[in-house]
Amino acid sequence: MTTPRPVRYRCDIASQVELDSGGDATRARVLEISETGAFIEEVKAIDDVQTGDGGVIGIPLPGGDPWVAHIRFTRSGYGRIDVRTPRAEHVSVAVRGYGVEFDQLEDDELERLRDFLELLDNR
C-alpha cells in the first residue's frame with residue numbers, strides 16, 4: 001500500500017535559498033508547496049545543483065518571522081505558472097526548476113506551514 005501524496009498548492013512566493021555547498025543566499029520563486037516539499041523556479045545561482053544536494057529555504061509567511069527549513073533537491077524538471085492577461089483566461093507557461101523536500105523540520109515549523117497551507121486552500 002502506498003502513502004497518499006500530500007496536496008500541492010500552486011503559488012508564487014518570493015523566497016531565499018542558500019545552498020549547503022556555500023555561496024550567498026539568492027532569491028527564487030516557490031511555484032508549488034505542500035507539507036513535504038516545494039517546486040522552486042530555477043535561477044542562475046542554483047542552476048547547477050544536483051539531486052541530493054541540500055540547502056536552506058526561507059519563505060515569508062503572514063504574521064511573523066520567515067519560515068525556514070532545510071531542503072534536499074530531489075528532481076529537476078518543469079513546473080507551471082499562471083500568466084495574467086486581459087485577453088485570455090487560464091493561461092500558463094512551463095518554467096524550469098527543482099523539486100525539493102523539506103527535511104529536519106521541527107514540529108512547530110511544520111505546524112506554521114500547515115496553517116499557511118490552510119490559508120492557500122481557502123483562497
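**Notes on charge pairs and overall fold**

1. Let's start in helix 1: Arg-114 and Glu-111 sit three residues apart there, so about one helical turn separates them. Helices here are DSSP runs of H or I with at least four residues, strands are E runs of at least two, and both are numbered from the N terminus. Arg-114 and Glu-111 form a salt bridge, with the closest N and O atoms 3.9 Å apart. A salt bridge means a side-chain nitrogen of Lys or Arg within 4 Å of a carboxyl oxygen of Asp or Glu.

2. Before going on, a word on the source: this is a predicted model, where local features need pLDDT of at least 70 and side-chain atom pairs count only at pLDDT 80 or more, while totals for chains, interfaces and linings use all residues. Residues are numbered from 1 along each chain as its sequence is written, and side-chain values use heavy atoms, with hydrogens and water left out.

3. How does the cover look for that first pair? Arg-114 counts as partly exposed at 34% relative accessibility, and Glu-111 counts as partly exposed at 39%. The classes are buried under 20% relative accessible area, exposed over 50%, and partly exposed in between, with a 1.4 Å probe and protein chains only.

4. Helix 1, residues 107-121, also holds Glu-109 and Arg-112, three residues apart or about one turn. They form a salt bridge too, the closest N and O atoms being 3.6 Å apart. Glu-109 is buried, at 16% relative accessible area, whereas Arg-112 is partly exposed at 25%.

5. Away from the helix, Glu-32 forms a salt bridge with Arg-8, with 3.4 Å between the closest N and O atoms. This pair links distant parts of the chain: Glu-32 belongs to strand 2 (residues 26-33), Arg-8 to the segment before strand 1 (9-19), and their positions lie 24 residues apart in the numbering. Glu-32 is buried at 18% relative accessibility, while Arg-8 is partly exposed at 45%.

6. The salt bridges come to nine in total. Asp-12, Arg-29 and Glu-41 are joined in a network of them.

7. Unpaired charge shows up as well: Glu-18, Asp-20, Asp-24, Asp-47, Asp-48 and Asp-53 form a negative surface patch. Patch residues have over 30% relative accessible area and no salt bridge, with like charges joined within 9 Å and nonpolar side chains (Val, Leu, Ile, Met, Phe, Trp, Tyr) within 5 Å. Asp-48 lies in the loop between strand 3 (37-41) and strand 4 (54-59). Asp-48 is exposed, at 53% relative accessible area.

8. Gln-16 is in strand 1 and partly exposed, with a relative accessible area of 34%. Gln-16 and Ala-28 are twelve residues apart in sequence, yet their C-alpha atoms are 6.2 Å apart in space.

9. Finally, the whole chain. It has one helix and six strands, in the order β-β-β-β-β-β-α along the sequence. The radius of gyration is 15 Å, close to the 14 Å from the globule rule for 123 residues, so the chain is as compact as a globular protein of that length. That radius is taken over C-alpha atoms, and the rule is 2.2 Å times the number of residues to the power 0.38. The C-alpha atoms fill a box of roughly 45 × 40 × 30 Å along the principal axes, and 37% of the 123 residues count as buried.

Note on methods: Accessible areas come from the Shrake-Rupley method with a 1.4 Å probe; for residues, only the protein chains shown count as cover. Lys and Arg count as positive and Asp and Glu as negative; His and the chain ends are not counted. The place of a charge is taken as NZ of Lys, CZ of Arg, CG of Asp or CD of Glu.
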